[in-house]
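Biologist: I have the model open and want to go through a few spots with you. Can you pull it up on your side?

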Amino acid sequence: MTDWQVITGDCLDVLRTLEAGSVDAVITDPPYPREYEHLYGAVAKEARRVLRVGGSFLTLCGHYQLPRVLADIGEHLRYRWIVKLDHPGSHARMAMGVMVTWKPMLWFVNEKLSPRRNIVDGCASGKRSKDTGHPWQQDLDYALWGIEALTDPGNTILDPFCGSGTTGVACVQTGRRFIGIEIDPGYADIARARIAKAAEQARQAELPL
C-alpha cells in the first residue's frame with residue numbers, strides 16, 4: 001500500500017479482506033446512535049485478527065454506552081484502560097440531567113500489551129470543526145493522543161469509521177501509515193482530500209530550505 005488509503009465500503013466487509021496481523025493499532029470514533037451500537041463488538045471481533053499481537057484498539061464512546069460496549073469489545077480484546085478526553089467550552093446536557101465535560105476513550109489490546117511506560121490517561125480536545133459537514137467530526141487531539149501514546153513512526157493505523165478523515169490527517173502528520181474505511185462515498189472523498197492536503201503539507205515541511 002501507499003502511505004495512506006481510504007476504502008469506500010462497509011467496514012465489516014472490508015476488514016475481512018485485510019491481512020491478518022497487518023495493523024499496529026485501531027483508532028476510531030464509531031457512530032453513537034443505539035442502532036449502530038452492535039458495531040463495537042463486530043469490529044472488535046474482526047480487529048482481533050487484523051491487529052498484530054500487542055496492538056492497541058482505541059475507540060470513543062458515550063458514557064451511557066459503557067456497560068454494553070465494554071462487554072462487547074471485551075469478548076474479543078483485552079481491556080486496558082479508559083482514557084479521559086476533555087471537551088472545553090460549552091457542554092452537552094444529557095436527558096438524565098448530567099452535564100458532560102469529557103468523553104471516554106476505551107483502550108483495549110490484542111492478547112497482551114506491547115511494553116510502554118508513563119502513558120498519561122487523559123488529553124484535552126480543541127474546538128471541534130464542522131467545516132467538512134460531518135456531524136460527528138472530532139478535533140485531531142483524540143487521534144494524536146492514541147498515535148503518539150500507542151504507536152511508533154512507520155506503524156500502520158486503521159480507522160474503520162473514517163468519516164471525514166481526522167485520524168488519517170493525524171497519521172500523515174506524525175509519520176504513520178493509514179488505512180481508512182468509510183461507507184459513505186461523499187465523506188470518503190472528503191477524507192481523501194483532507195488527508196492528501198495534510199500529506200502534501202507534511203512533505204513540504206520536510207523539504208530543505
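Biologist: Asp 24 first. Buried or exposed?
Modeller: Asp 24 is buried, at a relative accessible area of 15%. Keep in mind that this is a predicted model. The cut-off for buried is under 20%, so Asp 24 falls on the buried side.

Biologist: Which strand does Asp 24 lie in?
Modeller: Strand β2, which covers residues 23-28.

Biologist: What does the side chain of Asp 24 make a polar contact with?
Modeller: With the side chain of Arg 52, at 2.7 Å.

Biologist: And which residues is Asp 24 in contact with, leaving aside neighbours within four places in sequence?
Modeller: Leu 51, Arg 52, Gly 55 and Ser 56 are on that list, and so are Asn 155 and Thr 156.

Biologist: Let's follow Asn 155, then. Where is Asn 155 found?
Modeller: In the loop that runs between α4 (141-150) and β9 (156-159). Asn 155 counts as buried, with 13% relative accessibility.

Biologist: What does Asn 155 touch, not counting residues up to four places away in sequence?
Modeller: Asp 24 again, plus Arg 176 and Arg 177.

Biologist: Which backbone nitrogen lies 2.9 Å from a polar atom of the Asn 155 side chain?
Modeller: That of Asp 152.

Biologist: That loop follows α4. How many residues of α4 are buried?
Modeller: Eight of the ten, so α4 is largely enclosed by the rest of the structure. The buried ones are Tyr 142, Ala 143, Leu 144, Trp 145, Gly 146, Ile 147, Ala 149 and Leu 150.

Biologist: What about α5, how many there?
Modeller: Seven of its eight residues are buried, so α5 is also largely enclosed by the rest of the structure. They are Thr 166, Thr 167, Gly 168, Val 169, Ala 170, Cys 171 and Val 172.

Biologist: What do the buried residues of α5 pack against?
Modeller: Two helices, α4 and α6 (185-206), and the strands β1 (4-8), β2, β9 and β10 (177-182). β2 is the strand that holds Asp 24.

Biologist: At what angle do α4 and α5 pack?
Modeller: About 50°, and their axes are 9 Å apart. Roughly parallel would need an angle under 35 degrees, and α4 and α5 are therefore oblique to each other. The crossing of α4 past α5 is right-handed.

Biologist: Which residues meet there?
Modeller: From α4, Tyr 142, Ala 143, Leu 144 and Ile 147; from α5, Thr 166, Thr 167, Ala 170 and Cys 171. That contact divides into six nonpolar residues, two polar and no charged.

Biologist: Anything just after α5?
Modeller: Gly 175 is there, with a positive phi of about 75°.

Biologist: Which residue other than glycine has a positive phi?
Modeller: Glu 111 is one of them, with phi near 75°. Glu 111 sits in the loop between β7 (102-109) and β8 (122-124).

Biologist: Changing topic, the other helix pair. How do α2 and α3 pack?
Modeller: Helix α2 (residues 38-50) packs on α3 at an angle of about 20°, with 8 Å between the axes. α2 and α3 are therefore roughly parallel to each other. Their crossing is right-handed.

Biologist: Which residues meet between α2 and α3?
Modeller: Tyr 40, Gly 41 and Ala 44 on the α2 side, and Val 69, Asp 72 and Ile 73 on the α3 side. By type, the residues of this contact are four nonpolar, one polar and one charged.

Biologist: Asp 72, then. Where in the chain is it, and how far in space from Gly 41?
Modeller: Asp 72 is in helix α3, residues 66-74. C-alpha to C-alpha, Asp 72 and Gly 41 are 4.6 Å apart, with their positions 31 residues apart in sequence. At 26% relative accessibility, Asp 72 counts as partly exposed.

Biologist: Last, the whole chain. How many helices and strands?
Modeller: Six helices and ten strands. The chain has 209 residues, and 48% of them count as buried.

Biologist: What share of the contacts with a separation of 6 or more comes from residues 24 or more positions apart?
Modeller: 74%.

Notes: Residues numbered from 1 in each chain as written. Predicted model: local features only at pLDDT ≥ 70, side-chain atom pairs only at ≥ 80, totals over all residues. Heavy atoms only, no water. Helix = DSSP H or I, 4+ residues; strand = E, 2+ residues; numbered from the N terminus. Buried < 20%, exposed > 50% of the residue type's maximum accessible area, 1.4 Å probe, protein only. Polar contact = N/O pair within 3.5 Å; in protein donor to acceptor, adjacent residues only side chain to side chain. Contact = heavy atoms within 4.5 Å. Axes fitted to C-alpha atoms, helices over the stretch in contact; angles between N-to-C directions. Parallel < 35°, antiparallel > 145°, perpendicular 65-115°, else oblique. Left-handed = near helix turned anticlockwise from the far one by under 90°. Nonpolar A, V, L, I, M, F, W, Y, C, P; charged D, E, K, R; others polar.
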